[in-house]
Amino acid sequence: MSAVASHMSNAPARRDRVLPWVPLLALIAIVLLCGASLHPAVSAWLLAASIYVGFKWLAFANSSVARRASRRDSLLFLLLWPGMDADAFLTERPVTQPNVREVASAAALMLLGLITIFALPTLPLSTEVRGWTALVAIALFLLFGVAQTISIAWRICGVDAQPIMNKPMRATSLADFWGARWNLPFHDIGRIFVWRPVAKRFGWPTATMAVFLFSGVIHDLAMSIPARGGWGLPTIYFLLQGVAVLFERSPLGKRWQLSRGWRGRAFAALFVLGPLGLLFHQPFLQRVVLPTIDWLTPS
């Protein structure tokens with residue numbers, strides 16, 4: 001009888017853990033089912049949006065602070081902030097105000113990205129160089145311009161909405177780059193839903209590889225599947241990052257000082273930039289990135 005009661009008491013807890021995943025899985029399934037009839041670029045952007053919306057809901061549903069937040073504040077977090085840290089956004093706390101230099105930097109990067117996007121059709125570049133240039137321009141405009149500007153606006157209003165890109169060029173090591181500077185919303189999701197449960201059971205080295213595997217699979221889903229090529233390359237890229245982070249933290253890596261100083265920066269640059277072609281492979285650049293630019297800049 002006690003076993004039956006225990007099973008019944010655990011059922012709501014399991015349901016609460018499973019239900020937040022339903023929107024993510026449902027949105028991805030819908031886009032994948034329709035993907036064959038869509039242009040690769042359309043499919044890629046829809047998949048990226050579906051993954052983002054699903055992760056956003058997961059972050060919100062997992063937050064104890066969100067359960068006590070007002071409907072207005074909840075909607076502001078869900079609809080008007082690209083970050084995933086609901087606890088920070090929905091908690092009243094002192095916030096460091098952005099300075100003039102940060103505002104000017106966000107505006108300059110957004111403008112530079114926009115100008116590059118619209119100038120691309122007139123530039124005499126090879127297809128490969130055009131693809132990489134377009135990718136950088138889109139990142140400058142969206143991630144370092146628009147997202148940074150939204151963060152600035154929220155912080156001026158007194159909300160703890162930290163930038164999703166935390167000065168990645170200043171990373172002192174590979175672990176610092178991936179763990180504290182690049183794409184922090186995705187890092188928050190990986191830390192909460194992959195790293196913590198895996199580390200608790202199997203230890204931090206296994207958890208580190210699990211997070212990078214998770215990241216690789218998600219990027220393959222959002223990039224390789226719609227591009228219809230390059231399958232597995234983003235996963236290989238992120239597994240290489242995981243192996244490099246473990247080596248950086250190993251006794252030999254510590255002896256070589258790979259986590260600080262010029263060695264740390266050089267090691268990070270080597271592994272982030274060296275195999276970047278695995279992540280942003282040619283099918284993705286040619287079938288997703290370049291068509292996106294063509295649509296944005298009709299002749």
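Here are some worked exercises on the structure above.

Before you start, note that this is a predicted model, where local features need pLDDT of at least 70, side-chain atom pairs count only at pLDDT 80 or more, and totals for chains, interfaces and linings use all residues. Residues are numbered from 1 along each chain as its sequence is written, and side-chain values use heavy atoms, with hydrogens and water left out.

**Exercise 1. Overall build**

Task: work out which secondary structure the protein chain has, and whether its radius of gyration agrees or disagrees with that of a compact globule.

Solution:
- Start with the elements: there are 16 helices and zero strands. Both are DSSP runs numbered from the N terminus, with at least four residues (H or I) for a helix and at least two (E) for a strand.
- Next, take the radius of gyration, calculated over C-alpha atoms; the globule rule is 2.2 Å times the number of residues to the power 0.38.
- For 299 residues the rule gives a value near 19 Å, and the chain has 21 Å, so the two agree.
- For the outline, the C-alpha atoms fill a box of roughly 75 × 50 × 45 Å along the principal axes.

**Exercise 2. Surface, contacts and charge**

Task: find how much of the protein chain is buried, what its exposed area consists of and how many charged side chains there are.

Solution:
- Set the cut-offs: buried is under 20% relative accessible area, exposed is over 50%, and partly exposed is in between (1.4 Å probe, protein chains only).
- On that scale, 43% of the 299 residues are buried.
- The chain exposes about 16,500 Å², with carbon and sulfur atoms supplying 68% of it. That area comes from the Shrake-Rupley method with a 1.4 Å probe; for residues, only the protein chains shown count as cover.
- Now the contacts, meaning heavy atoms within 4.5 Å: of those with a separation of 6 or more, 66% join residues 24 or more positions apart.
- Finally, count 27 positive and 13 negative side chains, with the centres of the two sets 6 Å apart. Lys and Arg are the positive ones, Asp and Glu the negative ones, while His and the chain ends are not counted. Each charge is placed at NZ of Lys, CZ of Arg, CG of Asp or CD of Glu.

**Exercise 3. The nonpolar cores**

Task: find which residues have the most contacts inside the largest nonpolar core, and which helix gives the most to this core.

Solution:
- A nonpolar core is a set of buried Ala, Val, Leu, Ile, Met, Phe, Trp, Tyr and Cys residues joined through side-chain atoms within 4.5 Å.
- The largest one has 52 residues, and Phe55, Leu174, Trp178, Phe280 and Phe284 have the most contacts inside it.
- Helix H11 (residues 204-227) gives the most, with nine residues.
- Zoom in on Phe55: leaving out residues up to four places away in sequence, Phe55 touches Leu24, Met84, Phe186, Ile189, Phe214 and Ile218.
- A second, separate core has 17 residues, including Ala66, Leu140, Val159 and Ile164.

**Exercise 4. Two residues with positive phi**

Task: locate Lys167 and Arg228, then say how exposed each one is.

Solution:
- Lys167 sits in the loop between helix H8 (127-156) and helix H9 (174-180). Its phi is about 50 degrees, positive although Lys167 is not a glycine, and at 45% relative accessibility Lys167 counts as partly exposed.
- Arg228 lies in the loop between H11 and helix H12 (233-248). Its phi is near 60 degrees, and Arg228 is partly exposed at 38%.

**Exercise 5. A loop residue and a helix residue**

Task: find what Ala171 and Thr149 touch beyond four places in sequence.

Solution:
- Ala171 is in the loop between H8 and H9 and is buried, at 6% relative accessibility. Its contacts are Asp176, Phe177, Arg181 and Arg265. The C-alpha atoms of Ala171 and Arg181 are 7.0 Å apart.
- Thr149 is in helix H8 and is partly exposed at 33%. Its contacts are Ala106 and Met110. Ala106 is 43 residues away along the chain, yet the C-alpha atoms are separated by 6.1 Å.
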